[in-house]
Every structure is written in C-alpha cells, then in structure tokens.
Amino acid sequence: GQPLAPRRLSLKPVPKLPDTEAFLREALVKVKKQARGCLAPELCFQAVRAATERPFAEGVRRERELFQVLLASGQAQALQYAFFAERAVHRWATPGGASWSSAAPQPVRKAGVIGLGTMGQGIVTSLVKANIPVVALEQDLEYLNKGRKAVMLLLEREAMKMERGVQALDFHNPAHLQFTVDFDLLHDVDLVIEAVFENMALKKEIFHKLSKICKPGALLCTNTSALNIDEIASATSHPQQVIGTHFFSPAHVMRLLEIIYGRHTSPTAIATAMQLAKALKKVGVVVGNCFGFVGNRMMFPYVQQAVFLLEEGSRPEAVDQVLEDFGFKIGPFRMSDLAGLDVGWRSRKDQGLTGPSLPAGAAARRRRGQRYSPLPDLLCEQGRFGQKTGKGWYQYEKAGGRTAAPDPWLHSFLAQYRDTHRIKTRFIDQEEILERCLFSLINEGFAILAEGIASGPEHLD
C-alpha cells in the first residue's frame, strides 16, 4: 500500500537499536585489537558511528573530514611506500652485474624438501599449495611419520580455507606429494630445499650428497637463517647452483622469502629462486651473503637491546606491549618464545659466545669487547625454550601452548640476576624502550646498506 514514487534511503530516519551504545563500544574494542596501531580501521569505525548518530548529509561530511585526515597521515604515506617497495624488489641486481633484466629462470616442475621440522613442514605446504609436486625427505622413519602427520594436518587446514575444498589441493596423490627416507628419489627434482637445523657440518654433508645424486642443473637451496652460503656451496661440485632461500616461520604463512646469493651463485639460479617466490605467492628479496643476511642480522641488535632493557629494570611484557602498541604484530619476547629460544642458543654456542667453547675466566657480560647479556643462555640452561616447553620469557598453559602469561618466576629471577651483577633497577619509560629497540634495528640497516649487502633501502624495508 505504499506509493511507488522514488524513495530516497538517505531521507529515511536511521532505525534505533535498543543497545546501540554497547554494540558500538564492543565493535571499537574488536577493531582496536585486530588493527593495533593502525589509524584507518579506527577512523572507518568513527565514520560508521557518525552515520548512526546524525542526519545523512552530516554523516557524509564527517566521513569526508576523516578521509582528509587519513590522506595527509604518515601511515598513508608509509603504506604507499610499502606497496611500491614490494614491487621494486622484483628488479634485483648484484654487484657482479647480474640482474633481473638479463637472467632467465629455469622451470621448476618438481621439488624436494629435506627435513620435516617446523620449517620443512611449512615449506612443503607452500609448495603443494602452489601445485608443485614435492618429494619430502627425513633421516629415519620415526621423524618421517611425525613430519607426515604434521604436514597433512597443515594441508587439511589450508584446503578448508580454499573455497574449492580438498579437490583443489590433491595432496593425497603420491605423484603430488611423496614422503621418503631415500635420498635417491631426489635424482630428478629441479630444485631441492634443505631445511635441517642450523649445523654447518650437517648441511655440508647433505649438500655433498646432493651434488652427487641430483641432476647437474638442479638448484640446491638452503633454508639457513644465518650460515655462510659459500661454505655450504664448497661441499658441492657445482657451487653455481647453490643459493640461500630463507623462509620465515611459519613458512606457509609469512610472505617474505630472503634469497641469498653466494660468490659463485649463477644469475639463472637467482632468477629461478625469484620465480619460485612468485609461484609461492611470496615476496622474494635478493640479498648478499653475511652472517644473518638481512632479516636476522637486523633482528640480532633489536632483540639484544630488548634484553638489555630487562637487565636494567624492565619486564618482557612491558617491552612487548610498547612495540606491539607501536604496530609490530608481535613483540621481541613473544617472538623469541614462538621461534624457540634454543635456536639462538645453539647459534651462540657455535659462535663460541657461550657454552663449553667459551674461554675460562671470560667476563659474564662482555664478549669480544662488546656488551653481552647471558640472560637468554641462562633461561635455556633451565630448559626454558619458549612455547614448545611451556616456559620461556613467559609461561604458557601447557607445552606447545600459545597464550603467553607473565611469569612471577622470571620476575624474581631477573631481580636476583640484577643483584648478582650489582645492576641498579630503574624505571624505564615507553619512549626509551621504543627508541632503543627501533634505533638498533635501523642503524643495523644502514650498516647493511653501506656494505652493499642489500642493493637499496626498499629491500631492507
């Protein structure tokens, strides 16, 4: 019984909900949690709020004002920069004169992955999702079965996320995904990614084997996070085929793929690794070879500074909170617990910074003329490796738990540590935490640029 003349929705009154205020309050809490430190989602919320409270024309005017605020904001400029930086890194070049414009990739029709720990599982999952057939290899049947279970679980989760369902991810077909303990099955792969733990002798042994078994044109990739690519390549008869492909954990989620060339790595090998990154829907960044490359080399001083802050009087949850409020998805201590404190500990022992190879009588808090904190080493000696053991910088509901809770044991441990080393506890404000962590990160970036390890600031960012 209504007239059929045009009806302007904008002239209709906005229906009132009985609990609008409570609903909006709850929505704002959700938005702030999901988009910590981000301006735009919060301003979108304010625009919607204005629409519920004011007439249409006023609501539109308010939206326009909020849009102008965002348009001129530093965050908008930063996001635009990030957008173009991601595209700029496709145009790679090396000091030797190789570059994206002249090097052509080889096709990758079949890949191998060695080692089915956390990283290997994620890498296999990424390859299967990209429809590249995979041979997954472990040292013995026990590890193989454990790895297979974990990979299948990851793939089932990924298949559920993909609209087309399991049909699209044909991972139960052995022609697409094969698990084995037999190295000889790698004889026809176009590319193999080694993802065993960080031990140079083990990696060299594997690469020596690979250079005998794989076809001469196969690309030999290592997922090392810090070890020397040239030394790994020295164990093979074709070092030009050896390249670093450093995935970040969890490997099937994180979009960054750090591609490291050695002294002998061929331009074709770099181009092929870059092409692989694209196939895996990752952002490949080509960098030079030094300890820690770019990603981890910048992380070392950042995490180290965070630990120094604990020595002087801060707490893990205070440091993490400041960096997460600033916009990091995860603070340095929650990140360390997630990655596993034992990974860094093993690396420091290999470098002779701690453990049995440390010379007797070495100062507790100095190494090689630099300030050093033994705190992470002491935690590892207590068996506190992070989430995997249920205790690290935080405590978790169980081993393998995800929810970090402040740990009173750690707080008293820090107090004892400061007493032992006669460090006077002081109050450290948010500004100091932010500046010390960020500036360490940024300064290391400048050093990497100065050494020519990265070819431009976009690569670092």
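In strand E8, Val287 is the bridge partner of Ile260. This pairing belongs to a predicted model. Strand E8 covers residues 283-287 and is joined to E7 by five bridges, with the two strands running parallel.

On another pairing of E7, the partner is strand E6, residues 242-247, and the two run antiparallel with five bridges between them. Here Thr245 stands opposite Ile259 of E7. The two pairings of E7 are set out below.

| Strand paired with E7 | Residues | Bridges | Direction | A residue pair |
|---|---|---|---|---|
| E6 | 242-247 | five | antiparallel | Thr245 and Ile259 |
| E8 | 283-287 | five | parallel | Val287 and Ile260 |

Is strand E7 mostly covered or mostly uncovered? Strand E7 spans residues 256-261, and five of its six residues are buried, which leaves the strand mostly covered. In a regular strand, side chains point alternately to one face of the sheet and the other.

What links E7 to E8 in the β-α-β unit? Helix H9, residues 267-279, takes part with E7 and E8 in this unit, which is right-handed.

The chain as a whole holds 17 helices and 10 strands. Its C-alpha trace spans about 85 × 65 × 45 Å along the principal axes. Of its 461 residues, 44% count as buried. Among contacts with a separation of 6 or more, 66% are between residues 24 or more positions apart.

The accessible surface of the chain is about 25,100 Å², and carbon and sulfur atoms contribute 57% of that area. The chain carries 57 positive and 48 negative charges, whose mean positions lie 3 Å apart.

Note on methods. Residues numbered from 1 in each chain as written. Predicted model: local features only at pLDDT ≥ 70, side-chain atom pairs only at ≥ 80, totals over all residues. Heavy atoms only, no water. Buried < 20%, exposed > 50% of the residue type's maximum accessible area, 1.4 Å probe, protein only. Helix = DSSP H or I, 4+ residues; strand = E, 2+ residues; numbered from the N terminus. Pairing = 2+ DSSP bridges. Right-handed = clockwise from strand over helix to strand, strands pointing away. Contact = heavy atoms within 4.5 Å. Areas by Shrake-Rupley, 256 points an atom, 1.4 Å probe, with all protein chains shown as cover. Lys, Arg positive; Asp, Glu negative; His and termini not counted. Charge placed at Lys NZ, Arg CZ, Asp CG, Glu CD.
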